[in-house]
Number of protein chains: 2
Amino acid sequence: MKARVFVTLKPGVLDPQGKAIHHALEGLGFGGVTDVRAGKLIELELADGTSDDEIADMCRKLLANTVIENFKIEKLENAPRLSSAQA
Amino acid sequence: MKARVFVTLKPGVLDPQGKAIHHALEGLGFGGVTDVRAGKLIELELADGTSDDEIADMCRKLLANTVIENFKIEKLENAPRLSSAQA
């Protein structure tokens with residue numbers, strides 16, 4: 001079973017990486033960008049039947065810093081992994 | 001308009017960050033994990049009407065290294081951003 005964990009900075013937390021990406025996009029001539037936030041995506045290959053609670057536990061203990069970050073879990077029973085999705 | 005870009009390593013590309021996360025999860029007692037891949041998530045706030053092609057162009061020119069990384073674009077007209085999703 002696959003699961004994806006999306007880790008994003010909480011609103012209000014400064015995001016220098018996002019700011020740098022925004023600035024670089026503008027420098028490349030992409031004018032229509034008003035904000036950029038950078039986050040993390042973690043793809044887990046798990047034993048079948050791993051519960052949402054256990055994945056949330058992994059997030060709280062390791063994957064996310066819940067003081068400044070939110071996390072969202074997406075379980076995928078049969079979906080292809082993103083890394084084989086597009087050129 | 002919001003868009004999310006998911007950047008993941010191509011299959012076969014070594015992922016030391018994923019390996020480190022996997023090892024740390026095992027160390028914490030999470031035994032059911034068989035593989036971990038780490039990627040990036042970039043949330044963009046864009047002018048309405050920005051085309052998929054333009055976003056793909058941003059990915060190819062800046063956000064992803066297409067030699068070793070895949071990217072996937074998800075456009076969200078009205079969805080809430082992930083950073084305000086969960087505690």
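**Exercise 1. Describe the contact between chain B and chain A.**

Solution. Step 1: 43 residues of chain B are in contact (heavy atoms within 4.5 Å) with 43 residues of chain A. This is a predicted model, in which local features need pLDDT of at least 70, side-chain atom pairs count only at pLDDT 80 or more, and totals for chains, interfaces and linings use all residues. Residues are numbered from 1 along each chain as its sequence is written, chains are lettered from A in the order in which they are written, and side-chain values use heavy atoms, with hydrogens and water left out.

Step 2: The two chains bury about 3,800 Å² between them, 63% of it on carbon and sulfur atoms. Buried area is the accessible area (1.4 Å probe) that two parts lose on being put together, summed over both.

Step 3: On the side of chain B that touches chain A, β2(B) gives the largest share, 14 residues. Strands here are DSSP runs (E, at least two residues), numbered from the N terminus. That side divides into 23 nonpolar, eight polar and twelve charged residues. Ala, Val, Leu, Ile, Met, Phe, Trp, Tyr, Cys and Pro count as nonpolar, Asp, Glu, Lys and Arg as charged, and the others, Gly among them, as polar.

**Exercise 2. State how the β2 strands of the two chains pair.**

Solution. Step 1: Strand β2 (residues 33-46) of chain A and β2(B) pair in the antiparallel sense over 13 bridges; pairing requires that DSSP finds at least two bridges.

Step 2: For Val33(A), the bridge partner in β2(B) is Leu46(B).

**Exercise 3. Find the symmetry that relates the chains.**

Solution. Step 1: A turn of 180° and a shift of 0.0 Å along the axis lay chain B on chain A with an RMSD of 0.0 Å. This is the relation of a two-fold axis. The superposition is by least squares on C-alpha atoms of residues with pLDDT of at least 70 in both copies.

Step 2: Lys40(B) comes closest to the rotation axis of the residues of chain B, at 2.3 Å (C-alpha).

Step 3: Since 100% of the interface residues of chain B are also interface residues in chain A, the copies meet through the same surface.

**Exercise 4. Locate salt bridges.**

Solution. Step 1: The rule (a side-chain nitrogen of Lys or Arg within 4 Å of a carboxyl oxygen of Asp or Glu) finds zero across the interface and twelve over all chains.

Step 2: One joins Glu45(A) and Lys2(A), with the closest N and O atoms 3.0 Å apart.

Technical notes
Helices (H or I, at least four residues) and strands (E, at least two) are DSSP runs, numbered from the N terminus.
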